[in-house]
Amino acid sequence: MPDAAPLTTGIDHVGLTVPDLDSSAAFFTEALGWVPIGGDPDYPAVYLSDGTTKVTLWAAWTDDPHPADREHSIGLHHLAFRVADRAALDSAFEVVSRHPGVIVEFAPRLNPPDVGPRSHCIVFEPGGNRIEFVH
């Protein structure tokens, strides 16, 4: 089946469960400059976009949510957002690392040589999801 066309045409959106919908939505709108494009107050959820990518934030339905463990949990390891260049990466890191509730895993640095001439950084947004910025 290698000659067959893929059945999909890209990612429509990524859904992330968060313990505090307001603080995670504020990370995307205030730190990243994304805009709300909808939501569902009964679920509850907020839909956000940067004009290209869409993210749905879903409120956890428990008062005792369990954060994902990237070494032991099955599922999303991290979500990576592309930036234009190294200057944009440094600028994004400067902004997001100061946002309330963000935990920095590592500051901008070069990827290992086998990945190519790329730089990246990773933070945890206020809801605990790992977010990578890469160029």
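Reader: How many bridges join strand E3 to strand E4, and what makes the two strands a pair?

Author: In this predicted model, five bridges join strand E3 (residues 45-49) to strand E4 (residues 54-59). Two strands pair if at least two bridges are found between them, so five bridges make E3 and E4 a pair. The two strands run antiparallel. One of the bridge partners is tryptophan 58 in E4, which is matched with alanine 45.

Reader: Why are strand E1 and strand E2 called edge strands?

Author: The open sheet has four strands in the order E1-E4-E3-E2, and its pairing is mixed. Strand E1 (14-18) and strand E2 (35-40) are called edge strands because each pairs on one side only. Neighbouring strands of this sheet are turned by 25° against each other on average, direction ignored.

Reader: Which strands does helix H1 lie across, and how is the helix directed relative to E4?

Author: Helix H1 (residues 21-31) lies across E1, E2, E3 and E4. The helix runs at about 165° to E4. Angles run from 0 to 180 degrees between N-to-C directions, so at about 165° the N-to-C directions of H1 and E4 are close to opposite.

Reader: What makes a residue part of the lining of the second largest pocket, and which strand gives the most to that lining?

Author: A lining residue has an atom within 4 Å of a point of the pocket. The second largest pocket, with about 410 Å³ of space, is lined by 17 residues. Asp50, Thr53, Ala80, Phe81 and Arg82 lie nearest its centre. Strand E5 (residues 79-82) gives the most to this lining, with four residues. The lining residues divide into ten nonpolar, three polar and four charged.

Definitions and conventions:
Residues are numbered from 1 along each chain as its sequence is written. This is a predicted model: local features need pLDDT of at least 70, side-chain atom pairs count only at pLDDT 80 or more; totals for chains, interfaces and linings use all residues. Side-chain values use heavy atoms; hydrogens and water are left out. On a 1 Å grid over the protein atoms alone, a cavity is a set of points where a 1.4 Å probe fits but cannot get out, and a pocket is an open set with protein on both sides within 12 Å along at least five of seven lines; lining residues have an atom within 4 Å of a point. Grid points are joined across faces, edges and corners, and a volume is the space filled by probe spheres set on the points. Ala, Val, Leu, Ile, Met, Phe, Trp, Tyr, Cys and Pro count as nonpolar, Asp, Glu, Lys and Arg as charged, and the others, Gly among them, as polar. Contact means heavy atoms within 4.5 Å.
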